[in-house]
Amino acid sequence: MFKNTKYKDNAGRVIFENAELCSQFLKEYSGIEIFKDVQPENIEDMTERFLPMFSEERESDVVKKISLPEKGEMFVIALIEHKSTVDYNVVMQMFHYMSYIWEEYEKSMESEKKGITKTRDFRYPPILPIVYYEDTDTWTSAMNLRERIFLSDMLTEYIPDYRYILFRLQEYGNTELIDRKDEISLIMLINKLRDITDFGKLSFPEGYFEDFSKKISGDVLIVMSKLIESYLREINLPEDDIYGFTDQIKEGKMARFYENFHKIDIQEEWRKSREKGREEGREEGDYCRLIRT
């Protein structure tokens, strides 16, 4: 059976791709005061513009431009790390992105007014670097640029430096995420699970999904349905069951989805899937023998 694992692998990216979820993250999880009033309409996706900087291995990275009322514009770079193997060159890769964004900004400003970047008062926009780490292993990669440059302790004044924000999903317990009762916390909770069958074992307070469904937007419901769809394919549920579940989510019937998910016998579904695979194999074998005769 075909498995769409791409969406699962990039599950952290959906938070930054979706303006509503991205604004929630910046307000609730970045710990930066200037984002306390940021709204979805203040966020513009710039990933495609800077895509040439992204290698195939880093296709889940995201760049956003944030318009801060009365403060100007800034950029947010989010590197989504979902691999069990830590990428030790993340800090340098991020520095490349930052340099490229500033270079493009300089060209844009110069095209509007020749020589503006050479004036005394010209300033480049700030860039907030974030590494969103999903795996359970300890993050051991350098968080400061100077850590990747030898002799930096002796030449401190002459070597540029910066530090990125490290967000480790696994530092947030299931109960803490459930208690937050918002869209992004449920997305993170689902993303955090190593096995979708664990979702049915979680304990949610009474009325959790009813209250949740009243405030969640259609766009976020679609994001959540795709995420669930990917996980359900991983456990080889029949397509009809998968679409039944995702339709319930898209319609905002989260309580019904959770209730029905409890009733699914995963072991029995696996048995059916294996039996179906064996039957298809036998039919293919019979067909091949018929052709040979």
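On the surface of this predicted model, the residues F150, L151, M154, L155 and Y158 together form a nonpolar patch, whose combined accessible area is about 650 Å². One member of this patch, Y158, sits in the loop that connects β4 (127-133) with β5 (165-168). Because its relative accessible area is 66%, and exposed means over 50%, Y158 counts as an exposed residue.

A contrasting case is offered by N18, which is placed in the loop between α2 (13-17) and α3 (19-28). Although N18 belongs to a loop, its relative accessibility is 13%, and it therefore counts as buried, since the cut-off for that class is under 20%. The side chain of N18 has a polar atom 3.0 Å from the backbone nitrogen of E20, and a polar atom of the N18 side chain likewise lies 3.0 Å from the backbone nitrogen of L21. Leaving aside residues up to four places away in sequence, N18 touches D219, V220 and V223.

Burial can also be followed along whole elements, and helix α6, which spans residues 183-192, is a clear place to do so. Here 10 of the 10 residues are buried, so the helix is largely enclosed by the rest of the structure. The buried residues of α6 include I184, L186, I187, M188, L189 and I190, but E183, S185, N191 and K192 are also among them.

The strands give a further example, for β2, made up of residues 62-68, is mostly covered, with 6 of its 7 residues buried. Which strands pair with β2 in the antiparallel sense? One of them is β1, residues 43-45, which pairs with β2 over 3 bridges, and within this pairing E44 stands opposite K65 of β2. Another is β3, residues 72-81, which runs antiparallel to β2 and is joined to it by 7 bridges. K65 appears again in this second pairing, where it stands opposite F75 of β3; a reader tracing the model can thus use K65 as a reference point, with E44 opposite it in β1 and F75 opposite it in β3.

Strands β2 and β3 also form a hairpin, in which 3 residues lie between the strands. Within this hairpin, E70 takes a positive phi near 65°, a backbone detail that can be inspected alongside the bridges that join β2 to β3.

Key. Residues are numbered from 1 along each chain as its sequence is written. This is a predicted model: local features need pLDDT of at least 70, side-chain atom pairs count only at pLDDT 80 or more; totals for chains, interfaces and linings use all residues. Side-chain values use heavy atoms; hydrogens and water are left out. Buried means under 20% relative accessible area, exposed over 50%, partly exposed in between (1.4 Å probe, protein chains only). Helices (H or I, at least four residues) and strands (E, at least two) are DSSP runs, numbered from the N terminus. Two strands pair if DSSP finds at least two bridges between them. Patches are made of residues with over 30% relative accessible area and no salt bridge: like charges are joined within 9 Å, nonpolar side chains (Val, Leu, Ile, Met, Phe, Trp, Tyr) within 5 Å. Accessible areas come from the Shrake-Rupley method with a 1.4 Å probe; for residues, only the protein chains shown count as cover. A salt bridge is a side-chain nitrogen of Lys or Arg within 4 Å of a carboxyl oxygen of Asp or Glu. A polar contact is a pair of N or O atoms within 3.5 Å; within protein, one must be able to donate a hydrogen and the other to accept it, and residues adjacent in sequence count only if both atoms are side-chain atoms. Contact means heavy atoms within 4.5 Å.
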